[in-house]
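Colleague: Could you take me through this structure step by step? I would like each term explained when it first appears.

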Amino acid sequence: MIKKVTVYSRSGCHLCEIAIDKIKLVNSEIDFELEIKLIDDDKTLQEKYSDEVPVILIDDQVHDYWRIDVERFIRAIKS
């Protein structure tokens, strides 16, 4: 079963760009569905995630905030 990874991000967010680049690098080696959602124009998502972006979810469960631990992320994707 292919895992789904969702990243909530904001325009101009340096930490978001770093996390997304790392996730894309992993995705080039391990198959999973990746969706990146900008919270900029969604008031509900802004209220929920504004101070925590990037927020990384695996199969709709929060995995990480702010930074990604690549080894931990890989273990979670493979499990």
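Modeller: The following conversation goes through the sheet, a helix, a disulfide, the aromatic pairs and some unusual backbone angles.

Colleague: What kind of model is this, and how are residues numbered?

Modeller: This is a predicted model, in which local features need pLDDT of at least 70 and side-chain atom pairs count only at pLDDT 80 or more, while totals for chains, interfaces and linings use all residues. Residues are numbered from 1 along each chain as its sequence is written, and side-chain values use heavy atoms, leaving out hydrogens and water.

Colleague: Let us start with the sheet. What is the order of its strands?

Modeller: The order is β2-β1-β3-β4, in an open sheet of 4 strands with mixed pairing. Helices (H or I, at least four residues) and strands (E, at least two) are DSSP runs, numbered from the N terminus. Two strands pair if DSSP finds at least two bridges between them.

Colleague: Which strands are at the edges?

Modeller: The edge strands are β2 (33–38) and β4 (61–65), each of which pairs on one side only. From one strand to the next, the twist averages 25°. That angle is taken between N-to-C directions and runs from 0 to 180 degrees, with axes being lines fitted to C-alpha atoms, for helices over the stretch in contact.

Colleague: In which sense do β1 and β3 pair?

Modeller: Strand β1 (residues 4–9) and strand β3 (residues 55–58) pair in the antiparallel sense, over 4 bridges. T6 stands opposite L57 in β3. As background, strands of a sheet pair through backbone hydrogen bonds, either parallel or antiparallel.

Colleague: Now for helix α1. How many residues does α1 have, and how far does α1 reach?

Modeller: Helix α1 has 14 residues and reaches 20 Å from its first C-alpha to its last, close to the 20 Å expected at 1.5 Å a residue. The expected span of a helix is 1.5 Å times one less than its number of residues.

Colleague: Which residues of α1 are buried?

Modeller: The buried residues in α1 are C16, A19, I20, I23 and V26. Buried means under 20% relative accessible area, exposed means over 50%, and partly exposed lies in between (1.4 Å probe, protein chains only). These buried residues cover an arc of only 120° around the axis, so they are on the same side of α1. The arc is that of the directions from the helix axis to the C-beta atoms.

Colleague: And what does the face turned away from the buried side carry?

Modeller: That face of α1 carries the exposed residues H14, D21 and L25.

Colleague: C16 caught my eye. Which cysteine forms a disulfide with C16?

Modeller: C13 forms a disulfide with C16, and their sulfur atoms are 2.4 Å apart. A disulfide is counted here as a pair of cysteine sulfur atoms within 2.5 Å, and by this rule the count comes to 1 disulfide. The link of C13 and C16 is right-handed, with 75° about the S-S bond. Both C13 and C16 are buried.

Colleague: Changing topic, how many aromatic pairs are there?

Modeller: A search of the whole structure finds 3 aromatic pairs. Rings of Phe, Tyr and Trp (its six-membered ring) pair if their centres lie within 6.5 Å; planes under 30 degrees apart count as stacked, over 60 as edge-to-face and the rest as tilted. One of the pairs is F32 and F73, which is edge-to-face at 5.7 Å centre to centre, with 80° between the planes.

Colleague: Where in the chain are F32 and F73?

Modeller: The pair links distant parts of the chain: F32 is in the loop between α1 (14–27) and β2, and F73 is in helix α3 (residues 70–78), 41 residues apart. F32 counts as buried because its relative accessibility is 4%, and F73 counts as buried because its value is 0%.

Colleague: What about Y65 and W66?

Modeller: Y65 and W66 form a tilted aromatic pair, 5.8 Å centre to centre and 45° between the planes. Y65 counts as partly exposed at 32% relative accessibility, and W66 counts as partly exposed at 42%.

Colleague: Finally, which peptide bond is cis?

Modeller: The bond from V53 to P54 is cis, with omega near -5°. P54 lies in the loop between α2 and β3. Most residues other than glycine have a negative phi, and most peptide bonds are trans.

Colleague: What is the phi of D59, and what is that of D60?

Modeller: D59 has a positive phi of about 50° although it is not a glycine, and the phi of D60 is near 65°, also positive. D59 is in the loop between β3 and β4, where D60 is found too. D59 is partly exposed, with a relative accessible area of 31%, whereas D60 is exposed, with 54%.
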